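Please open the model in the viewer and display the whole chain before making any selection. The tour below proceeds from the complete chain to its individual elements.

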Amino acid sequence: MKNLLFLLISFFCLAGNAQEKTDSLKVVELAKVLQEKTEQNKKLMEENKKIQKENENLLEIVFLKFKKLISRTKVETPDRTDYSRNKVGTKAENRTEPVEEIEVYDGADTVRAGWIYRLFHKNDYYLKRYKIVNNEKVYLD
């Protein structure tokens, strides 16, 4: 009798799992849907890569055309050597004026400035020009 009861209880326990089978069917269906979505995703990714390559090619073409356009347009700059040949630039009036003498100095010394100047400029030196007159330095500034 104990064996019979054990068999009946075990039979009813195993028979109660019919609901779990429907859940496993749902999981299988969801897995199929998931596979379809991943395949669609792969196709879309491949199309996206193709479109990106086409865009890069188009950008390269546009860049090359723009580069050719820039290289074709040349800006004409006047030569600096042509200024001496320009007849309009020389005036007849200036030829009659006396030439001013330019004072040419013999050398320059590096001199530290006063304490107020050094306050703002620290270790800066400035040049003081001089001319030698009777073997003595005469500063021009």
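Begin with the entire protein chain, coloured by accessibility: buried residues make up 3% of its 141 residues. The coordinates belong to a predicted model. With the surface switched on, the protein chain exposes about 14,800 Å², and carbon and sulfur atoms supply 58% of that area. If contacts with a separation of 6 or more are drawn, 22% of them come from residues 24 or more positions apart.

Next, change to a cartoon view. The protein chain contains 3 helices and 3 strands. Followed from the N terminus, these elements appear in the order α-α-β-α-β-β.

**First stop: the N-terminal helix**

Select residues 2-15, which form helix α1. Phe 12 has its place in this helix. Is Phe 12 buried or exposed? Its relative accessible area is 56%, so Phe 12 counts as exposed, the cut-off for that class being over 50%. Now add Met 1, Leu 4, Leu 5, Leu 8, Ile 9 and Phe 11 to the selection; with Phe 12 they make a nonpolar surface patch of about 820 Å².

**Second stop: the sheet**

Select residues 107-112 for strand β1 and residues 125-133 for strand β2, then residues 136-139 for strand β3. Together the 3 strands form an open sheet in the order β1-β2-β3, with antiparallel pairing. Strands β1 and β3 stand at the edges and have a single partner strand each, so one side of each lacks a neighbour in the sheet. Viewed along the sheet, the twist from one strand to the next averages 45°.

**Third stop: the pairing of β1 with β2**

Keep β1 and β2 on display. How many bridges join these two strands? The antiparallel pair is joined by 6 bridges. Two positions may be labelled here: Arg 112, whose bridge partner in β2 is Tyr 125, and Ala 108, whose bridge partner in β2 is Arg 129.

**Fourth stop: the β2-β3 hairpin**

Hide β1 and centre on β2 and β3. These strands run antiparallel and are joined by 4 bridges. Label Tyr 130 and look across to β3, where its bridge partner is Tyr 139. Finally, move to the turn: β2 and β3 form a hairpin with 2 residues between them. Which residue in this turn has a positive phi? Select Asn 134, where phi is about 55°.

Methods. Residues are numbered from 1 along each chain as its sequence is written. This is a predicted model: local features need pLDDT of at least 70, side-chain atom pairs count only at pLDDT 80 or more; totals for chains, interfaces and linings use all residues. Side-chain values use heavy atoms; hydrogens and water are left out. Two strands pair if DSSP finds at least two bridges between them. Axes are lines fitted to C-alpha atoms, for helices over the stretch in contact, and angles run from 0 to 180 degrees between N-to-C directions. Patches are made of residues with over 30% relative accessible area and no salt bridge: like charges are joined within 9 Å, nonpolar side chains (Val, Leu, Ile, Met, Phe, Trp, Tyr) within 5 Å. Accessible areas come from the Shrake-Rupley method with a 1.4 Å probe; for residues, only the protein chains shown count as cover. A salt bridge is a side-chain nitrogen of Lys or Arg within 4 Å of a carboxyl oxygen of Asp or Glu. Buried means under 20% relative accessible area, exposed over 50%, partly exposed in between (1.4 Å probe, protein chains only). Contact means heavy atoms within 4.5 Å.
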